[in-house]
Amino acid sequence: MKRLAFVLASALAAPQAYAWSFDWSGRVEVDAQGLKDTDADKRYEAVVELGKYDVTLTEKYLIAALRDPSEKVQQAAATALGNGGSLAAVPALIDWLGDPDPKTRAVAAEALGNIGGLEATTALT
């Protein structure tokens with residue numbers, strides 16, 4: 001009985017984990033500046049950073065990154081949008097399902113599966 005009480009108390013006292021974070025006002029915009037860099041690796045890093053925030057704060061930047069010249073940046077943006085459940089990204093990701101590159105199709109399918117919803121599910125089936 002004491003053990004059960006300890007487990008319950010520990011679970012209730014544990015801090016809640018969030019899938020996103022926010023440090024200070026304007027941080028998202030500062031991180032998004034990296035998307036303008038000429039170096040694809042820097043743009044990729046910017047997408048990874050943006051993926052750490054609530055998608056409602058980063059969606060417009062990540063959707064724009066879906067058209068980046070670098071496939072690595074595009075695919076990272078798709079993953080971040082999928083993980084964030086961005087319904088606004090669904091039409092672009094559906095288009096990706098017809099891409100000749102199997103990796104691009106796989107990233108799109110995974111992102112759509114993470115987003116869910118009628119439109120995404122219909123496209124996947």
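**Reading how helices pack**

Author: Welcome! Let's begin in the middle of the fold: the cover over the buried residues of helix α3 includes α2 (27-32), α4 and α5. Keep in mind that this is a predicted model.

Reader: Which residues of α3 are buried?

Author: "Buried" means under 20% relative accessible area. In α3, which spans residues 40-50, the buried residues are Arg43, Ala46, Val47 and Leu50.

Reader: Why are they on the same side of α3?

Author: The general idea comes from helix geometry: an α-helix has 3.6 residues a turn, so residues three or four places apart point the same way. In this case, the buried residues of α3 cover an arc of only 100 degrees around the axis, and therefore they sit on the same side of the helix.

Reader: How do I read the packing of α3 and α5, and at what angle do they pack?

Author: Look at the angle and the distance between the axes together. For α3 and α5 the angle is about 5 degrees, and the axes are 9 Å apart. Angles under 35 degrees count as roughly parallel, so α3 is roughly parallel to α5. By class, their contact has six nonpolar, no polar and three charged residues.

Reader: Which residues meet there?

Author: From α3 come Ala40, Asp41, Arg43, Tyr44 and Val47, and they meet Lys72, Val73, Ala76 and Ala77 of α5.

Reader: And at roughly what angle do α4 and α5 cross?

Author: Helix α4 (residues 55-65) and helix α5 (residues 71-84) cross at roughly 150 degrees, and their axes come within 9 Å. Angles over 145 degrees count as roughly antiparallel, which means α4 is roughly antiparallel to α5. The crossing is left-handed.

Reader: Which residues of α4 and α5 meet?

Author: On the α4 side, find Val55, Glu59, Leu62, Ile63 and Ala65; on the α5 side, find Val73, Gln74, Ala77, Ala80, Leu81 and Gly84. This contact of α4 with α5 divides into eight nonpolar, two polar and one charged residues.

Reader: Thr56 caught my eye. Is it buried or exposed?

Author: Thr56 belongs to α4. Exposed means over 50% relative accessible area, and Thr56, at 62%, is therefore exposed. Its C-alpha atom is 9.7 Å from that of Leu81, though they are 25 residues apart along the chain.

Reader: Stepping back, how many helices and strands does the protein have?

Author: The count is eight helices and zero strands. Of the 125 residues, 31% count as buried. Among contacts with a separation of 6 or more, 52% join residues 24 or more positions apart.

Key
Residues are numbered from 1 along each chain as its sequence is written. This is a predicted model: local features need pLDDT of at least 70, side-chain atom pairs count only at pLDDT 80 or more; totals for chains, interfaces and linings use all residues. Side-chain values use heavy atoms; hydrogens and water are left out. Axes are lines fitted to C-alpha atoms, for helices over the stretch in contact, and angles run from 0 to 180 degrees between N-to-C directions. Helices (H or I, at least four residues) and strands (E, at least two) are DSSP runs, numbered from the N terminus. Angles under 35 degrees count as roughly parallel, over 145 as roughly antiparallel, 65 to 115 as roughly perpendicular and the rest as oblique. A crossing is left-handed if the near helix is turned anticlockwise from the far one by less than a right angle, and right-handed if clockwise. Contact means heavy atoms within 4.5 Å. Ala, Val, Leu, Ile, Met, Phe, Trp, Tyr, Cys and Pro count as nonpolar, Asp, Glu, Lys and Arg as charged, and the others, Gly among them, as polar. Buried means under 20% relative accessible area, exposed over 50%, partly exposed in between (1.4 Å probe, protein chains only). The arc is that of the directions from the helix axis to the C-beta atoms.
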